[in-house]
Structure formats: C-alpha cells, structure tokens
Amino acid sequence: MEKRLYFVFGDLISNVVAGGLAGFVCALIFSTSWNMVIAMFVGMALGMIVALVVTVGLFLMYFGAMEVMIPNMLTGMVAGMIISMAASMHEVSLWSCLKDGALVGFLVFVAIYILQSRMSGKVKLNEQHGGQ
C-alpha cells in the first residue's frame with residue numbers, strides 16, 4: 001500500500017476526476033426516457049470507458065499503473081451505474097451529477113484504502129525488509 005503523500009494525493013485526485021467525469025458523461029447521455037436497468041448496465045460500461053480514457057490520458061504517466069487503474073475503473077463503474085440510474089428516473093442537473101460522481105470517486109478511494117490496509121495487516125520492520 002502506497003503511503004507517500006504524492007501518490008496518495010494522486011490516487012485521490014484521479015478517483016475524484018474519473019468519478020466526476022463519468023457522472024457528467026452519463027448525465028449527458030441518459031434521460032428520463034431510458035429504462036433504469038438498461039441505463040445502469042450501459043452506464044456501467046460507459047463509466048469504465050470514461051475512467052479508462054481519463055486514467056491513461058492524464059494520470060498513468062505520473063502515478064503507478066496498478067495503483068491508479070484499478071481504483072479508477074471501479075470508480076467509473078460505480079459512478080456510471082449510480083448517475084445513469086438517477087438520470088433515467090428523474091431530471092438531474094449536470095453540476096449535481098459531476099458533484100455526485102466526484103463524491104463516488106472519493107468514497108471508492110476511502111473504501112479501497114481501508115480494505116487494503118485491513119488485508120495487508122500490521123507488518124513488523126524486520127519482516128518487511130527480510131530480516132530475522
């Protein structure tokens with residue numbers, strides 16, 4: 001788990017941007033004329049595509065590939081699903097979808113860091129560096 005502030009901040013920013021843009025794009029495409037279930041599945045795929053483009057285009061060259069790709073793809077998928085379902089049920093503003101997508105990105109970032117720290121457990125200094 002990366003603990004250097006530069007990479008943690010990069011993970012946070014990349015998730016928020018990917019979620020916000022996925023929410024924005026899904027709000028542009030989906031309207032109240034879509035079926036909610038179909039909009040959810042199409043929004044999931046669309047959110048992942050948006051997150052992939054944002055990640056590869058903006059963040060991959062500055063931060064690690066695995067550290068950025070996996071959380072951003074999850075963020076795009078979840079934000080795409082939530083925003084597209086909301087947009088298919090009722091009229092939503094683009095600003096609120098951008099904000100909600102960014103919030104989803106932040107929540108996914110927090111969840112991934114909590115789960116990753118729980119799974120890695122506490123490591124003693126000697127075990128970390130191969131000591132006795």
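Reader: Why does Tyr-113 count as buried?

Author: In this predicted model, Tyr-113 has a relative accessibility of 15%. Buried means under 20%, so Tyr-113 counts as buried.

Reader: What makes the pair of Phe-109 and Tyr-113 tilted?

Author: The ring centres of Phe-109 and Tyr-113 are 4.8 Å apart, and a pair requires centres within 6.5 Å. Their planes stand at 45 degrees. Stacked applies under 30 degrees and edge-to-face over 60, so the pair is tilted.

Reader: Where do Phe-109 and Tyr-113 lie?

Author: Both belong to helix α4, which spans residues 94–120. They are four residues apart, about one turn of the helix.

Reader: Why is Phe-109 called buried?

Author: The relative accessible area of Phe-109 is 10%. The cut-off is under 20%, and therefore Phe-109 is buried.

Reader: How many aromatic pairs does the structure hold?

Author: There are two aromatic pairs. One of them joins Phe-30 and Trp-34.

Reader: What makes the pair of Phe-30 and Trp-34 edge-to-face?

Author: The planes of Phe-30 and Trp-34 are 75 degrees apart, and edge-to-face is the term for angles over 60 degrees. The distance is 4.7 Å centre to centre, set against a limit of 6.5 Å for pairing.

Reader: Which terms describe the exposure of Phe-30 and of Trp-34?

Author: Phe-30, with a relative accessible area of 3%, falls under the 20% cut-off and is therefore buried. Trp-34 has a value of 31%. Partly exposed covers what lies between under 20% and over 50%, so Trp-34 is partly exposed.

Reader: How do you know that Cys-26 and Cys-97 are too far for a bond?

Author: The sulfur of Cys-26 is 8.6 Å from the closest cysteine sulfur, which belongs to Cys-97. Seen from Cys-97, the closest cysteine sulfur is that of Cys-26. A disulfide requires sulfur atoms within 2.5 Å, so 8.6 Å is too far for a bond. A search of the whole structure finds zero disulfides.

Reader: Are these two cysteines buried or exposed?

Author: Cys-26 has a relative accessible area of 0%, and Cys-97 one of 2%. Buried means under 20%, so Cys-26 is buried and Cys-97 is buried as well.

Reader: Why is Asn-72 called buried, and what does Asn-72 touch?

Author: Asn-72, found in helix α3 (residues 65–89), has a relative accessible area of 0%. The cut-off is under 20%, so Asn-72 is buried. Leaving aside residues up to four places away in sequence, Asn-72 touches Ser-14, Asn-15, Ala-18, Ala-51 and Thr-55.

Technical notes. Residues numbered from 1 in each chain as written. Predicted model: local features only at pLDDT ≥ 70, side-chain atom pairs only at ≥ 80, totals over all residues. Heavy atoms only, no water. Helix = DSSP H or I, 4+ residues; strand = E, 2+ residues; numbered from the N terminus. Buried < 20%, exposed > 50% of the residue type's maximum accessible area, 1.4 Å probe, protein only. Contact = heavy atoms within 4.5 Å. Phe/Tyr/Trp six-rings, centres within 6.5 Å; stacked < 30°, edge-to-face > 60°.
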